[in-house]
Each structure stands twice: as C-alpha cells, then as structure tokens.
Amino acid sequence: PYQLGAVAFSADGVTAVSEEPLFEGSWDRAGQVSPTIIDRSPPMMLYHGLTAVGQVPSLGTATLEDGQWTPGDSWAHGDPDGDKVSHPTAYYDSGADLIEVWHINQDGYFQLSISADGGQTFTPHCNPLPMRGKSPEVAWVEDRYVMTWATVLGDEPVIYWAESFDGIRWQVRGEPIL
C-alpha cells in the first residue's frame with residue numbers, strides 16, 4: 001500500500017523526516033495518495049485514499065494537532081463502491097469558512113466540491129468543469145484562481161493553465177506552458 005510520508009527541503013537537498021508513515025489509516029488501509037494541505041487552524045490535509053487495492057479512490061481528511069496527523073474515521077467525499085474522487089487540490093476561504101476542493105470525478109473531469117462543515121463532508125458545487133487531465137493544482141493569485149494540470153497532446157505530455165474569478169468558470173490560456 002501507498003502511505004504518506006514527510007520530507008524536508010534545504011539547501012543540501014531533500015531528506016526524509018521519518019521512515020514511518022504520517023499515520024496509519026483505517027478505511028484507507030490500501031493507501032493514501034496525492035496530499036494537499038489546507039492552511040487553517042488546525043491545518044488539514046486532504047488526500048485520496050483507497051479502501052482496497054484496485055478500489056475506487058475517495059477523499060480522505062487528516063488534521064494536524066500537537067505535531068501528529070490524525071486521519072478521519074471514514075471518507076469525506078466519494079464512495080469506494082462507485083463515485084471516484086481523486087487528486088485533490090484545495091483552497092480555504094477563511095472569510096466564508098468554506099473549504100473548496102478541486103478533484104477528478106468518476107468520469108475523469110475536474111470537479112469543484114465544497115465543505116461548509118470544516119471538512120467533515122464535501123458536496124459537488126457545480127457541473128463538472130470542461131477540463132480533463134491529471135493532478136489539477138489550484139492557487140489563489142492576487143484576485144483570481146489559477147489552475148495547472150497535466151495531460152497528453154498527441155503523444156507528448158504537456159502542462160496547461162487556466163484562470164477563474166469564481167472557481168467555476170475557467171478560461172484556458174492558449175498553448176501548453178510546458
């Protein structure tokens with residue numbers, strides 16, 4: 001199984017913080033992948049977890065308290081028996097106290113889901129976005145959201161980017177950037 005770990009970056013390179021996993025999951029015992037950290041108090045991690053090898057990934061949560069990550073008791077979004085939720089990237093809107101998470105849905109499209117209860121549950125907020133690919137990453141830059149993601153154009157892997165003022169309507173910006 002895949003298990004989340006931690007590394008430290010320095011001028012000398014990257015070193016493992018510990019050889020041990022960050023936490024032992026219960027419902028996600030087959031693995032935890034693609035973590036994203038939400039900067040709030042206490043910090044929260046979203047990741048996609050697997051209940052069994054080959055099972056559909058669901059969105060898991062863990063919180064950091066006293067230097068230890070504690071996972072949730074079950075998945076917060078998706079369903080291992082059908083509704084895929086993978087590769088999350090999140091933004092915490094402190095003014096509205098909402099957690100916004102963009103992820104890949106069961107059809108392979110990017111989807112925005114929102115939690116208004118501190119990350120206990122997430123619900124789809126709009127129709128799937130018109131973009132597909134792998135590993136969407138979203139950040140708030142000045143006055144808008146910016147998303148990058150990987151996909152394949154012909155036989156070549158490429159990176160695209162888009163911007164949005166509401167997180168729902170995205171404008172893909174021209175040719176691939178990489």
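Which strand does Glu-163 lie in? The answer is strand S13, which covers residues 156–164. Keep in mind that this is a predicted model. Below is a quick tour of two open sheets, the surroundings of Glu-163, and a nonpolar patch on the surface.

**The sheet with Glu-163's strand**

- S13 belongs to an open sheet of four strands, arranged in the order S11-S12-S13-S14 with antiparallel pairing.
- Strand S11 (134–141) and strand S14 (171–172) sit at the edges of that sheet; each has a single partner strand, so one side of each has no neighbour in the sheet.
- Six bridges link S11 with strand S12 (residues 144–153), and the two pair in the antiparallel sense.
- If you want a spot to look for that pairing, try Val-141, whose bridge partner in S12 is Arg-144.

**Around Glu-163**

- Glu-163 counts as buried because its relative accessible area is 13%, and the cut-off for buried is under 20%.
- Its side chain makes a polar contact of 2.9 Å with the side chain of Arg-144, the residue that also turns up as the bridge partner of Val-141.
- A polar contact of 2.5 Å ties the side chain of Glu-163 to that of Arg-173.
- Setting aside neighbours within four places in sequence, Glu-163 touches Arg-144, Tyr-145 and Val-146, along with Arg-169, Trp-170, Gln-171 and Arg-173.

**The other four-strand sheet**

- Here the order is S7-S8-S9-S10, again an open sheet with antiparallel pairing.
- Its edge strands are strand S7 (86–93) and strand S10 (123–124), each of them paired on one side only.
- Strand S9 (residues 110–115) runs antiparallel to S10, and two bridges join them.
- To find where they meet, look at Ser-113, which stands opposite Pro-124 in S10.
- As general background, strands of a sheet pair through backbone hydrogen bonds, in either a parallel or an antiparallel way.

**A nonpolar patch on the surface**

- Val-7, Phe-9 and Val-14 make up a nonpolar patch on the surface, and together they have about 330 Å² of accessible area.
- One of the three, Val-7, lies in strand S1, which takes in residues 7–10.
- Is Val-7 buried, partly exposed or exposed? Val-7 comes out as partly exposed because its relative accessible area is 47%, and that class lies between the cut-offs of 20% and 50%.

How values were computed: Residues are numbered from 1 along each chain as its sequence is written. This is a predicted model: local features need pLDDT of at least 70, side-chain atom pairs count only at pLDDT 80 or more; totals for chains, interfaces and linings use all residues. Side-chain values use heavy atoms; hydrogens and water are left out. Two strands pair if DSSP finds at least two bridges between them. Buried means under 20% relative accessible area, exposed over 50%, partly exposed in between (1.4 Å probe, protein chains only). A polar contact is a pair of N or O atoms within 3.5 Å; within protein, one must be able to donate a hydrogen and the other to accept it, and residues adjacent in sequence count only if both atoms are side-chain atoms. Contact means heavy atoms within 4.5 Å. Patches are made of residues with over 30% relative accessible area and no salt bridge: like charges are joined within 9 Å, nonpolar side chains (Val, Leu, Ile, Met, Phe, Trp, Tyr) within 5 Å. Accessible areas come from the Shrake-Rupley method with a 1.4 Å probe; for residues, only the protein chains shown count as cover. A salt bridge is a side-chain nitrogen of Lys or Arg within 4 Å of a carboxyl oxygen of Asp or Glu.
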